[in-house]
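Could you walk me through the labels on this model and say what backs each of them up?

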Amino acid sequence: MNLSYEQLVERLNLWNHAYYVLDDPLVSDAEYDHAFRALLAMEAEHPDLVSPQSLTQRVGAKPIDEFKKVEHGVKMLSLANAFSLQETVDFFDKAAKELEVSPSSLAIFSEPKLDGLAVAIHYHRGYFSYAATRGDGQIGEDVSHNIKTIQSVPLKLVTNSPPEKLEVRGEVFMPKAAFEKLNRLAKQQNSKVFVNPRNAAAGTVRQMNPQIAAKRDLQFIPYSVGEYQGEYEFTRHSEMIGYLISLGFKRNPHCYAFSGSFEAFAENYQRMESLRDSLPMEIDGIVYKIDELATQQTLGFIARSPKWAVARKFPAQQATTQLLDVDFQVGRTGVLTPVARLEPVFVAGVTVSNATLHNMDEIERLGLCIGDSVEIQRAGDVIPKVAKVIEQGENRKSITMPARCPVCDSVVTRIEGQAAFRCTGGLICAAQGAERIEHYASRRCMNIINLGTKLIEVLYNNGTLKTIADIYKIQLNDIASLEGQGEKSAQNVLDSIEASKTTKLSTFLAALGIPDVGEGGSKNVAKYFKNLPAIQAASFEELMQVPDVGPVTAKSIVDFFRDEKNLAIVADIINAGVVWQDEQAEAVQAQPLAGQTWVLTGTLSIPRQEAKALLENLGAKVAGSVSKKTDCVVAGTEAGSKLAKAQELGVKVMNEATFLSEFKL
């Protein structure tokens, strides 16, 4: 790569912008890494060349000792809030009355209200100068060291004619996926767990070490301009946002322009509320602004907020209630999960009476007891969780893990090195029964195509199925006699069961649902021992010799095959005619999608992870976003922005049924 230092910096910044802002990579990861290593080598050899715009300088600063105070040239004001459609309409009716115009004549611009931290980023002649928090609106804190680490913040504006001075105001936020990853790592390391993405973003921006900020995947999206000295003149807020996008900033998804009628506000709110849970970031409402800047200036401000913009808030996602009791639910793998039973409370549009407590370590971290007043947090359709204790109850009662399974009365033990407790009942525990059978019959395991979840639940509830071995005892009339079934559909199920009897050792091992033994671990164990008797007889020390098998997995396998009840069920399955070939003799599966990039979107009839595994087994790389390099998008029901982008780019789109049919899955 024969490029000058300046050319290399410019090219890497271009690639970085395409990847992090446009979601449209221009080069492969390998080519990017090669160029970045070349930049590092060049800067190591010639430190005098190092430019502030170099990507290496995003995390180049040392931890700071204290935050410097920064005075805003133009005050950073907050917005008035509206909590209903009528309040929103009334706000703009009042503005229209002051302007002596009809409300429907107002041009309105709406944008999702990102739930993060307001920040002002200053540029001088196109180059990053400094960044500050809003603070009290007049005085903020210099957080440049952390804002520079955000990949969607350009260190140099994408323009050949930059303004003399530009202050870009926007929201620093943490995407949902990054927040979940951060808290997952925090729990593993027994460190602080953040309550929500907003707190995580604010806490990250307001800490001293930029190397911490760089690891937390923060993003920045602009919402206005503060101080500005430049040639470009815009007359509308929407033009201002378009200008910022052209300079290299990330676009806020789902911004709309419409007239200020009651019906238009209602339609816009309903649209955004339906999209809320599918967005990659948390939003807590919608910001409505009069689009014309001259009209904004005419209306001006009142107290600490403008008279031309309002924030329509979504229903609260937190509420306070009392913890009445704690139950323990047993999952497919036998792990016991504590579930809070609450005094019913209305939160985020629904009445909540249950909430997850995750595990006993989380209960201890919260300092939680039965009888306490607690804050409940609900995001989207996921099960609510207890965020914190608000007030301790007068007659508090400690929460303890039961010594025996509440379903099958087997001993409950703590998994070594983990926070989880597990029922040792294995394949006989009724609470695990239906889910274990569903797992065994799933596409990724024994692939019993016509034995679906609903049918399994019916057969399990009426006593036909008790364990996975009972699958091979099903008779024609067991299914044909059920409502909505017949002999033909019953025979299809029996044919699928018969077809599943020829499988692979690794597949059978994964299908047994042994705790902590997934698809990869099953393949490694099967390949190492080659036959089931050897696996059943293997000691902990022997299993530890298997590549990528750790102590938790090894212990789970030993415990499973030392249990006589589990061995009896496995023997029943083998006696029913389930067979497999020598693991080494198996043919390599054809990979017709090798080298291709596919994307999954919408609601699928099979779990997302299962669909991803199917594609990967066919050789495809499964990406999280659509770009020009995407080969195909598999769209389920209620597909949203990814489907729209695929159609916009002309990327091939296939529905789930066509995908499964084409590849005979």
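What follows is a run of questions and answers on a predicted model.

Q: What makes the Glu267 and Arg271 pair a salt bridge?
A: The cut-off is a Lys or Arg side-chain nitrogen within 4 Å of an Asp or Glu carboxyl oxygen. In this pair the closest N and O atoms are 3.0 Å apart, so the label fits. Both residues sit in helix H9 (residues 262-275), four residues apart, about one turn of the helix.

Q: Why is Glu267 called partly exposed?
A: Buried means under 20% relative accessible area and exposed means over 50%. Glu267 comes out at 38%, so it lands in between. Its partner Arg271, at 28%, gets the label partly exposed too.

Q: How do you know that Arg341 and Asp327 form a salt bridge?
A: Their closest N and O atoms are 2.6 Å apart, and the limit is 4 Å, so the pair counts.

Q: Which strands does that pair link?
A: Arg341 belongs to strand E15 (residues 335-347) and Asp327 to strand E14 (residues 318-330); the two residues are 14 apart, and the pair links distant parts of the chain. As for accessibility, Arg341 has 22%, over the 20% line for buried and not over 50%, so it is partly exposed. Asp327, with 31%, is partly exposed as well.

Q: What makes Asp559 and Lys555 about one helical turn apart?
A: They are four residues apart in helix H20 (residues 551-562), which means a separation of about one helical turn. They form a salt bridge, with the closest N and O atoms 2.8 Å apart. Asp559 is partly exposed at 40%, and Lys555 is partly exposed at 37%.

Q: Which residues are joined into one network by salt bridges that share partners?
A: Those are Lys69, Glu141 and Arg206. The structure holds 22 salt bridges.

Q: Why is one side of E5 and of E8 left without a neighbour in the sheet?
A: The sheet is open, with four strands in the order E5-E4-E7-E8 and antiparallel pairing. Strand E5 (127-133) and strand E8 (219-229) stand at its edges with a single partner strand each, so one side of each has no neighbour there. Neighbouring strands are turned by 25° against each other on average, direction ignored.

Q: How do you know that E4 and E5 pair?
A: Two strands pair if there are at least two bridges between them. Six bridges join E4 (residues 117-124) to E5, so the pair passes, and the two run antiparallel. One of the bridge partnerships is Val119 with Thr133 in E5.

Q: Which helices go with this sheet?
A: Helix H6 (residues 197-205) lies across E4, E5 and strand E7 (165-173), running at about 130° to E7. Helix H8 (residues 237-246) packs on the sheet, touching E7 and E8, and its direction makes about 110° with that of E8.

Q: What makes strand E23 mostly covered?
A: Five of the five residues in E23 (residues 597-601) are buried. On one side these are Thr597, Val599 and Thr601, and on the other Trp598 and Leu600, so both faces are covered.

Q: How do you know that E23 pairs with E24?
A: The count is three bridges and the pairing threshold is at least two, so E23 and strand E24 (residues 621-623) pair, in the parallel sense. In E24, Lys621 is the bridge partner of Thr597. Strand E25 (residues 632-635) also runs parallel to E23, joined by four bridges, and there Val633 is the bridge partner of Val599.

Terms used: Residues numbered from 1 in each chain as written. Predicted model: local features only at pLDDT ≥ 70, side-chain atom pairs only at ≥ 80, totals over all residues. Heavy atoms only, no water. Axes fitted to C-alpha atoms, helices over the stretch in contact; angles between N-to-C directions. Contact = heavy atoms within 4.5 Å. Buried < 20%, exposed > 50% of the residue type's maximum accessible area, 1.4 Å probe, protein only.
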